[in-house]
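Colleague: I am new to this structure. Pick one part and take me through it slowly, with the terms explained as you go.

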Amino acid sequence: MTRLGYDRYRAEVGRQLALLRETLAGADLSVTVPTCPEWTLGQLARHTGGAVRWVEAHVRTRAEKHVLESDVPDFSGPEGDDPAALDAWLAETAELIDTAFAGATAETPVWTWAAEHTAEFWARRMTHEVAVHRADAAIAAGVEYVVAPEVAADAIDEWLEIVQYVQRTDLSDNAAELRGGGRTIHLHAVDTEASLDAEWVVELAEEGVVWRRAHEKADVAVRGPLTEVLLAFYRRRGLDSGRVEVLGDRELLEFWLERASFG
């Protein structure tokens with residue numbers, strides 16, 4: 001599939017962090033995040049910023065192995081829930097990661113946990129890491145969540161690639177169960193331009209998960225606005241939210257969502 005490109009990912013990480021800061025402005029940082037109930041909104045923000053700083057350390061140093069969180073400067077962010085301190089830390093985080101990406105190219109070798117060891121892997125991963133956690137923050141704060149259609153579509157592509165990688169490398173027992181029988185799932189965005197090709201068919205084949213961008217009949221289909229299809233696929237909104245329509249074998253879809261929830 002065609003990616004957005006290194007320069008777009010680099011810009012998007014900064015954009016998503018800026019939008020996260022807007023989402024947090026005026027919000028109660030002590031509220032529990034419904035989609036990540038182990039965290040408050042403040043903890044979610046510090047987790048997201050810490051993940052970006054961890055990646056920044058890898059890209060900046062051209063790391064050849066995993067960098068420990070304890071070796072990342074100001075990884076944990078400000079203590080407590082002072083909004084100004086948190087906002088300043090996130091702003092600095094955006095500046096740091098942009099500088100790191102600017103000093104690299106798409107092909108710059110960098111350690112990653114996946115098969116692809118490049119700076120572009122991290123630029124793409126952080127685009128979607130921040131974009132999805134921004135959705136968590138928006139849901140917790142009770143504000144609207146909007147994401148560019150091409151970013152949402154690429155996030156679905158990337159997640160499917162991660163599921164395949166985890167399955168190939170036996171990193172998750174849950175993912176190992178996502179095979180056999182040729183059962184199929186169709187994701188269908190109903191509000192995008194045809195040129196975006198925002199439809200996916202996911203097959204649980206004998207050899208493992210295979211997928212393609214396509215409009216085909218499947219055992220179960222999820223239809224709705226692209227943003228809502230993304231949030232349902234990432235388990236950020238329930239299937240009964242009224243924002244997507246599920247047609248066909250709902251149990252198959254629930255089976256997928258339960259076993260593709262690692263990460």
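Modeller: What follows is a close look at the sheet, then a short look at some helices.

This is a predicted model, where local features need pLDDT of at least 70 and side-chain atom pairs count only at pLDDT 80 or more, while totals for chains, interfaces and linings use all residues. Residues are numbered from 1 along each chain as its sequence is written, and side-chain values use heavy atoms, with hydrogens and water left out.

Start with the layout. The sheet is open and has 5 strands, in the order 5-4-3-6-7, with mixed pairing. Strands (E, at least two residues) and helices (H or I, at least four) are DSSP runs, numbered from the N terminus. Two strands pair if DSSP finds at least two bridges between them. At the edges sit strand 5 (208–213) and strand 7 (245–248), each pairing on one side only. From one strand to the next, the twist averages 15°.

Now strand 3, residues 183–189. Its link to strand 4 (residues 199–205) is antiparallel and has 6 bridges. Two of the facing residues in strand 4 can be named. V201 stands opposite H186. E203 stands opposite T184. Strand 3 is also joined to strand 6, by 5 bridges, and here the two run parallel. H186 appears again: its bridge partner in strand 6 is A221. L187 has V222 as its partner there.

How covered is strand 3? Of its 7 residues, 6 are buried. Buried means under 20% relative accessible area; exposed is over 50%, and partly exposed lies in between (1.4 Å probe, protein chains only).

Strand 6 comes next. It is largely enclosed by the rest of the structure, because 4 of its 5 residues are buried. Strand 6 and strand 7 run antiparallel, with 4 bridges between them. One facing pair is V220 and G248, the latter in strand 7.

A helix covers this sheet. Helix 8 (residues 250–259) lies across strand 3, strand 4, strand 5, strand 6 (220–224) and strand 7. It runs at about 85° to strand 3. Axes are lines fitted to C-alpha atoms, for helices over the stretch in contact, and angles run from 0 to 180 degrees between N-to-C directions.

Now leave the sheet. T48 is 138 residues from H186 in sequence and 30 Å away in space, C-alpha to C-alpha. T48 is found in helix 2 (residues 41–61). This residue is buried, at a relative accessible area of 1%. Leaving aside residues up to four places away in sequence, T48 touches L20, V130 and H133. Contact here means heavy atoms within 4.5 Å.

Last, a helix pair. Helix 4 (residues 119–141) packs against helix 5 (residues 149–168) at about 110°, with the axes 10 Å apart. That makes the two roughly perpendicular. Angles of 65 to 115 degrees count as such; under 35 is roughly parallel, over 145 roughly antiparallel, and the rest oblique. Helix 4 contributes R124, R125, T127 and H128 to the contact. Helix 5 brings V151, D154, A155, D157, E158, E161 and I162. By class, this contact has 6 charged, 3 nonpolar and 2 polar residues. Asp, Glu, Lys and Arg count as charged; Ala, Val, Leu, Ile, Met, Phe, Trp, Tyr, Cys and Pro as nonpolar; the others, Gly among them, as polar.
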